Amino acid sequence: MSDIAVAESVWETALKRNIFIYDPNSKFKINLIYDQRQLATLQKEKQESGLEALENALKTLDAQLSAEKKDFESKLTVQNAAVAQFESRQKKYEAMVEYWNSQGGAPKKEYESMQSEQRSLNDEAAALNASAAKLNAIAKDLNALIEKRNNAAREYNKTAENYNDAYGHGLEFNQAEFTGAAINVYQFGNERDLTLALAHELGHALGMDHVENPKSIMYYVTSSNTSTALAATPEDLIELTRVCPDASSRGADLLRRLKTGFSLEKILPKK
Ligand SMILES: [Zn+2]
């Protein structure tokens with residue numbers, strides 16, 4: 001009822017008087033009809049929320065991947081620096097071995113020092129191999145995560161493509177109609193959508209025809225007109241003035257016609 005009041009006020013504000021009167025006994029009905037059109041709207045919304053869930057999952061994976069990749073890269077940098085240091089120590093050690101061998105052997109003190117360096121290098125090599133194995137395990141996890149992320153992206157893209165195929169051009173059907181004896185509303189996405197459709201059909205009930213401005217309430221398409229404000233445009237007002245050229249002279253006739261009023265009959269979706 002409040003949606004109807006909002007829809008009425010569009011024309012009542014322009015004419016500066018009350019023209020639609022609610023009468024529960026009136027034969028004129030406003031019907032909310034649930035059929036495949038409203039079903040299509042609900043399915044579209046369901047697909048949109050499914051798509052949004054996939055998008056959020058993908059964003060979460062992207063954030064996780066980026067954090068883990070950063071962590072891996074910093075560990076890899078540390079590892080590479082340690083390996084470079086090891087290799088330079090190893091080179092020095094090998095040069096010493098080569099030198100003392102060319103001298104026919106090293107003195108006891110040098111020999112012991114080199115033995116100690118060899119043990120230390122062996123320990124260092126074992127530690128580096130262990131950290132390399134850990135890094136490889138992290139890289140494997142990272143690759144699995146990349147694959148998971150790419151699968152999520154593929155699923156999102158496929159769902160988005162299906163959605164665009166189905167709804168890329170909007171839903172194409174009559175949202176509502178004025179039959180002369182009733183207003184039937186077949187589809188609305190939200191309350192604003194409903195009041196816009198009601199204002200449009202009430203305009204027809206006043207005798208108004210369609211106007212050319214896509215922003216007008218009386219534009220011939222209302223279902224995809226989400227940017228339309230719930231206020232009469234100059235084109236709407238010209239059309240309103242055409243059907244009500246002189247409020248005082250037409251007033252009696254208009255009031256008689258509109259005093260039939262209307263009642264609201266809601267048809268609930270079948271279970
Ligand atoms: Zn229309």
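Which residues of strand 3 lie on its covered face, and which on its uncovered one? Keep that in mind while we walk through the chain. The model is a predicted one. On the covered face of strand 3 sit I183 and V185. On the uncovered face sit A182 and N184.

Start with the overall layout. The chain holds 6 helices and 4 strands. Along the sequence they come in the order α-β-α-α-β-β-α-α-α-β. The chain has 271 residues, and 15% of them count as buried. Now look at the contacts between residues at least 6 apart in sequence. Of these, 71% join residues at least 24 apart.

Next, the strands. Strand 3 pairs with strand 1, which covers residues 29-32. This pairing is parallel and has 4 bridges. One pair to find is L32 and V185: V185 in strand 3 is the bridge partner of L32. Strand 3 also pairs with strand 2, residues 176-178. Here the sense is antiparallel, over 3 bridges. Look for E177, which stands opposite N184 of strand 3. Strand 2 and strand 3 form a hairpin with 3 residues between the strands. In that hairpin, G180 takes a positive phi near 100 degrees.

Stay with V185 a little longer. Set aside its neighbours within four places in sequence. V185 is then in contact with N31, L32, I33, A176, L194 and A197. V185 also belongs to the largest nonpolar core, which has 25 residues. Together with A197, A199 and L202, V185 is among the residues with the most contacts inside this core. Which elements each supply at least two residues of the core? They are helix 1 (2-15), strand 3 (182-185) and helix 4 (191-205). Helix 4 gives the most, with 7 residues. There is a general tendency behind such a grouping. In soluble globular proteins, nonpolar side chains tend to be buried together.

Now turn to helix 1. How far apart are its end C-alpha atoms? They are 20 Å apart. Helix 1 has 14 residues, and at 1.5 Å a residue they should span 20 Å, so the two values agree. Helix 1 nevertheless has a bend, of about 35 degrees, at S9. Its buried residues are D3, A7, V10 and W11. Among the elements that cover them are helix 4 and helix 5 (234-243).

Just after helix 1 comes K16. K16 lies in the loop between helix 1 and strand 1. Its phi is positive, about 60 degrees, although K16 is not a glycine. Is K16 buried or exposed? K16 has 7 other C-beta atoms within 10 Å, so it is exposed. The cut-off for exposed is 12 or fewer.

Helix 2 and helix 3 come next. Helix 2 runs over residues 36-102, which makes 67 residues. From its first C-alpha to its last, helix 2 reaches 94 Å. That is close to the 99 Å expected at 1.5 Å a residue. How many of its residues are buried? The number is 2 of 67, so helix 2 lies largely in the open. Following helix 2 is G104, with a positive phi near 80 degrees.

Helix 3 covers residues 108-167, with 60 residues. Helix 3 reaches 86 Å from first C-alpha to last, close to the expected 88 Å. The number of buried residues in helix 3 is 0, so this helix too lies largely in the open.

Two residues help to fill in this part of the picture. E94 has its place in helix 2. E94 counts as exposed because it has 11 C-beta neighbours inside 10 Å. E94 and M114 are 20 residues apart along the chain, and their C-alpha atoms are separated by 9.8 Å. The second residue, I146, is found in helix 3. I146 has 14 C-beta neighbours inside 10 Å, so it counts as partly exposed. In sequence, I146 and L65 are 81 residues apart. In space, their C-alpha atoms are 7.0 Å apart.

Finally, go back to strand 3. Its covered face holds V185, and V185 is one of the residues with the most contacts inside the core. Its uncovered face holds N184, which stands opposite E177.

Note on methods
Residues are numbered from 1 along each chain as its sequence is written. This is a predicted model: local features need pLDDT of at least 70, side-chain atom pairs count only at pLDDT 80 or more; totals for chains, interfaces and linings use all residues. A nonpolar core is a set of buried Ala, Val, Leu, Ile, Met, Phe, Trp, Tyr and Cys residues joined through C-beta atoms within 7 Å. A residue is buried if 20 or more other C-beta atoms lie within 10 Å of its own, exposed if 12 or fewer, and partly exposed in between; C-beta atoms are placed from the backbone. Two residues are in contact if their C-beta atoms, placed from the backbone, lie within 7 Å. The expected span of a helix is 1.5 Å times one less than its number of residues. The bend at a residue is the angle between axes fitted to the seven residues ending there and the seven starting there. Two strands pair if DSSP finds at least two bridges between them.
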